[in-house]
Number of protein chains: 2
Amino acid sequence: MTAEAKPPPLARHMQNLGRRARAASIILARADCAAKNRALTAIAGRLESEREKILAANARDVAAARAGAVAAPLLERLQLSESRVAAMARGLRQVAELPDPLGDTGEWRDGPSGLRIGRRRVPLGVIGIIYESRPNVTADAAALCIKAGNAAILRGGSESLHSNLAIAHCIARGLAAAGLPADAAQVVNTAERGAVGALLAMEEFVDVLIPRGGKDLVARISGQSRIPVLKHLQGVCHVYVDAAADLAMAADVAFNAKTYRYGICGAMETLLVHRAVAAELLPALARRFVAHGVELRGCHATVAAVGGAAAVSPATEEDYLAEYLGPQLALRVVDDLAAAMAHIARYGSGHTDAIVTADEAAARRFTAEVDSSSVMVNAPTCFADGYEYGLGAELGISTNRLHARGPVGLEELTIRKFVVIGDGHLRGAG
Amino acid sequence: MTAEAKPPPLARHMQNLGRRARAASIILARADCAAKNRALTAIAGRLESEREKILAANARDVAAARAGAVAAPLLERLQLSESRVAAMARGLRQVAELPDPLGDTGEWRDGPSGLRIGRRRVPLGVIGIIYESRPNVTADAAALCIKAGNAAILRGGSESLHSNLAIAHCIARGLAAAGLPADAAQVVNTAERGAVGALLAMEEFVDVLIPRGGKDLVARISGQSRIPVLKHLQGVCHVYVDAAADLAMAADVAFNAKTYRYGICGAMETLLVHRAVAAELLPALARRFVAHGVELRGCHATVAAVGGAAAVSPATEEDYLAEYLGPQLALRVVDDLAAAMAHIARYGSGHTDAIVTADEAAARRFTAEVDSSSVMVNAPTCFADGYEYGLGAELGISTNRLHARGPVGLEELTIRKFVVIGDGHLRGAG
C-alpha cells in the first residue's frame, strides 16, 4: 500500500475508456474509406438482426422512465419502435454512401520559395458527444464520427442507458466485422452522474465536445470544460416580411416556419413585418395561426393591424428574447429593413433568420449583414438542417464563431493540415 | 449611493474598451474591401510620417527595460529601428494587396428540396491578441484583423506599452482617414497586470483569443478563459532521414532546419536517421553541426555512428521532449519509417515534421499518417510560416484541432455562414 491518492474508480473507468478511444482513433484515422463504409453497413445489418434485443432494452428504459413519472415529450423521444430502428439502419447506410470527407491532399499552390503547398483533411481525433434521451442519436452520431475517421465517446441520458448499450453492442460488432477497432465508438456504460464531469476533464483523451440538448446542458459543458466545444446555443429565429414581399408566399413561409414543428431549433419564434404590408398581411395570417392553436403576442402596431381578426396579447421584452419551442409566436411591425435587422441583432441568437422579399437588393443586404449561422431568402427557417442543406446528415447545428457555423456535417468533423513538398529547398538560401 | 457592488475601475475600463470593439466590429464587418485597404495604406503612411515619435516612445520602453535589467534577447525583440518601422509599413501595404478573404457567397449546391445553398465568409468578430515584447506585432496583427473585417483588442507586454501606444495612434488615425471606426483596433492602454485577466473574462465582447508567446502564456490563457483560443503550443519539430534519402540533400535540409534560426517554432529539435544510412550521413553532418556551435545529444547508435567525428553526449528522455529553441540538437537512429513515425507520435508536439526521401511511397505514408499541423517532404521544418505557404502573412501558427491547424492567415480569421435561397419552398410539403 502506498500513501498516494488513487483516482476514484469512476474517474479511472472513464480514463480507461478515453485511453481506448485515443488508441482506436489513431487506427481509424488511417483506415481507408471502404473499410469504414463496410463497418457502417455491418452496423446497419446488426441493428436489424438485433432489433428485438434493442426493443427489449428500450422497453426496460421506458418502463423505468414511466415509473419515474418522466414528462410525456421526453418519453416520446425515448421510445423506440420497429420503424425507428429501421430508420437508424437506413441512416447508417446513407452515411456509408456519402463521399469520403478526408480524401487526398488538394488545394495545391506554390509558395514564394518554390515549395508546393497542399492541404489535406484529417479527422479531429476523439469526439465526446453528450446528449439526452433520443437513443437514435447513438447510431447517428457514431456513424458520422466513424465516417470522418474520428473515435467517439457517447454519453446519452441515464434514462436511455439500456437502449444505448444495446445499440452500442451492434456498433462494436459492426466495427469488428469490418476489421476496425470496436473501441472506435463507445457508449459510456454507467448511469453514474459523475461520468459527465469525468469526461469533461479528459483533455488528454478528448479533442472536441459536442453537446446535443437544452441550453442548460450546453452552458454547463462549455462552462466546465477546457476541451473545445462545438456549441449549439438557442434558436431564436426570425422571419422578416419585407415591403416588397409576395404576400401569399410570405404568409405560407411564416406559417410553415412556425408550425412545421414547434420543437425544432429552426422554428420561427418572432415574425417581423414591414409597416407598409402589415394591414394587408396580418389579419388573415393571424387568424390562420390562431385557428392552428398558436398564441400570438404582438407590439401595438401588430394589435392594430390584426384588428378584430384574431386575439393578440401585448408582447413584452421577454417575448422577443424567448425561444418558445412551442405554439407561441411573437410579432412586431417594423419601419424598414434596417429596423428588422436591428431587431434581429438585438434579440436574435445568431441561429437562422429569413427574409421574404422580391427585392434583390434587400435580399442581398439581409444575407450580407444578418450575422446568423444561416440566412435565408424566401424560405422558412425550419429548413435549417444538414440534410436539407445537402450535407447528407448532421451532428447538430453550431452557433460557434470558430470552426463550424451552422449544421455540422462530415466536413465539419475534419480539419485541414498543411502538406509541403520541396526538392531540397533551403530557407534563407535565395 | 446604492449598496450594489460596482465593478472595479480596471474591469470597467476594459469593458468599455470591449464595448467599443464590438460596436466597431459590426461596422467593419460591413465595410467594403477598398475602404479597409485604404485604411491599411493610410496606417502605413502614418507609421512612416510618425517614425520619429514611434522611435522616441520605443526609446523610453528600451531605457526602462534596461534599467530593469531585462534579458538581452527580450531587449533585442523590444527595440525598434528605422528599418523595423519601414518593415511594419511595408507589411501593411502587403496585406492591403492580398485578395479579400470575405468576398461573395459561393460554393453553391442544391438541397434535396430544391433550395439553393451557398456559403459566405464572414469575420469572426472581435479578436483579442495577447503578445510579448515585439512592438511590430501591434501593426502586423491589426492589419490582418482589419483586412478580414474583425475588430482587434491588442494587449502587448507592459514593457512595450509606449511603443505600442505610438503605433496604435497611427492605426487609429489611418482607420479614421479611411472613414472606418478608430476603435476597430485598440491597444490596451494600461500596463496594469489585471488587464489580461479582465480581457479573458470578457466573453460578451471578445469572440476569439490569440496568444502569441511562450507556452506558459498560452497555457494560462487557455486555462483561464472560456473564450475560444487559437492556440500555438510547442514546436518540437523533427526531420527524419529515410533510407532512400539523397544524403547530400538530407544533410543540407537537416542543417538548415536547425540553424536557419534557433528561436523559431519551426526549428528542428530532433533529427531521426534510418539505421541503414546513419554511418554514411552522421559523421560529416555531426562535425558540421558542432563546427557551427550546435551541441549534440544522441542515442547509443548515434554515438556509435558518429564515431570520433564529433562530440555527442547521451540523449535522455527529456532531450526528446525538449523544445530547445537554441543551439542544441537531439539525435536518434531508428529502424525504419514506422519507428520514426512512432517517435514523432510519442515525443512530437504536432507542429511541423519532415521526411527526406526519394521513395514516393514513404513520402505518401509520412504525409498521410504523421498527425502534425504541417508535414513536409524534402524541405526543412523552418519553412513553417504563413508567408512561405503563400498565405501572404500569418498571425501565428495554430496547433489546434479545431478551426485552424497550421499558419493562421486571413482565411483563418473568417468563418463561413450558410446562405439559403428559396422561392417560397415549404418544409414537409413535398
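## A sheet shared by two chains

Two strands count as paired when DSSP finds at least two bridges between them; strands here are DSSP E runs of at least two residues and helices are H or I runs of at least four, numbered from the N terminus. With that in hand, meet the open sheet of ten strands, which has mixed pairing and the order β10(A)-β9(A)-β11(A)-β8(A)-β7(A)-β12(A)-β13(A)-β16(B)-β2(B)-β1(B). The edges belong to β10 (312-314) of chain A and β1 (106-110) of chain B; each has a single partner strand, so one side of each is left without a neighbour in the sheet. From one strand to the next, the twist averages 25 degrees.

This is a predicted model, in which local features need pLDDT of at least 70 and side-chain atom pairs count only at pLDDT 80 or more, while totals for chains, interfaces and linings use all residues. Residues are numbered from 1 along each chain as its sequence is written, and chains are lettered from A and ligands numbered from 1 in the order in which they are written.

## Strand partners

Within chain A, β7 (residues 237-241) and β12 (residues 352-356) pair in the parallel sense over four bridges. There, Tyr240(A) has Ile355(A) of β12(A) as its bridge partner.

Between the chains, β13(A) runs parallel to β16 (residues 414-421) of chain B, and four bridges join them. Opposite Val377(A) you will find Ile421(B) of β16(B).

## Helices on the sheet

α15(A) lies across β12 and β13 of chain A as well as β2 (116-123) and β16 of chain B, and runs at about 170 degrees to β13(A). Angles like this one run from 0 to 180 degrees between N-to-C directions, with axes fitted as lines to C-alpha atoms, for helices over the stretch in contact.

α10(A) and α11 (residues 275-291) of chain A pack with their axes 10 Å apart, at an angle of about 40 degrees. That makes α10(A) oblique to α11(A) (angles under 35 degrees are roughly parallel, over 145 roughly antiparallel, 65 to 115 roughly perpendicular, and the rest oblique).

## Where the chains meet

Contact means C-beta atoms, placed from the backbone, within 7 Å. By this criterion, 61 residues of chain A are in contact with 61 residues of chain B. On the side of chain A that touches chain B, β16(A) gives the most, with seven residues. The residues of that side divide into 26 nonpolar, 19 polar and 16 charged (Ala, Val, Leu, Ile, Met, Phe, Trp, Tyr, Cys and Pro are nonpolar, Asp, Glu, Lys and Arg charged, and the others, Gly among them, polar).

Terms used: Contact = placed C-beta atoms within 7 Å.
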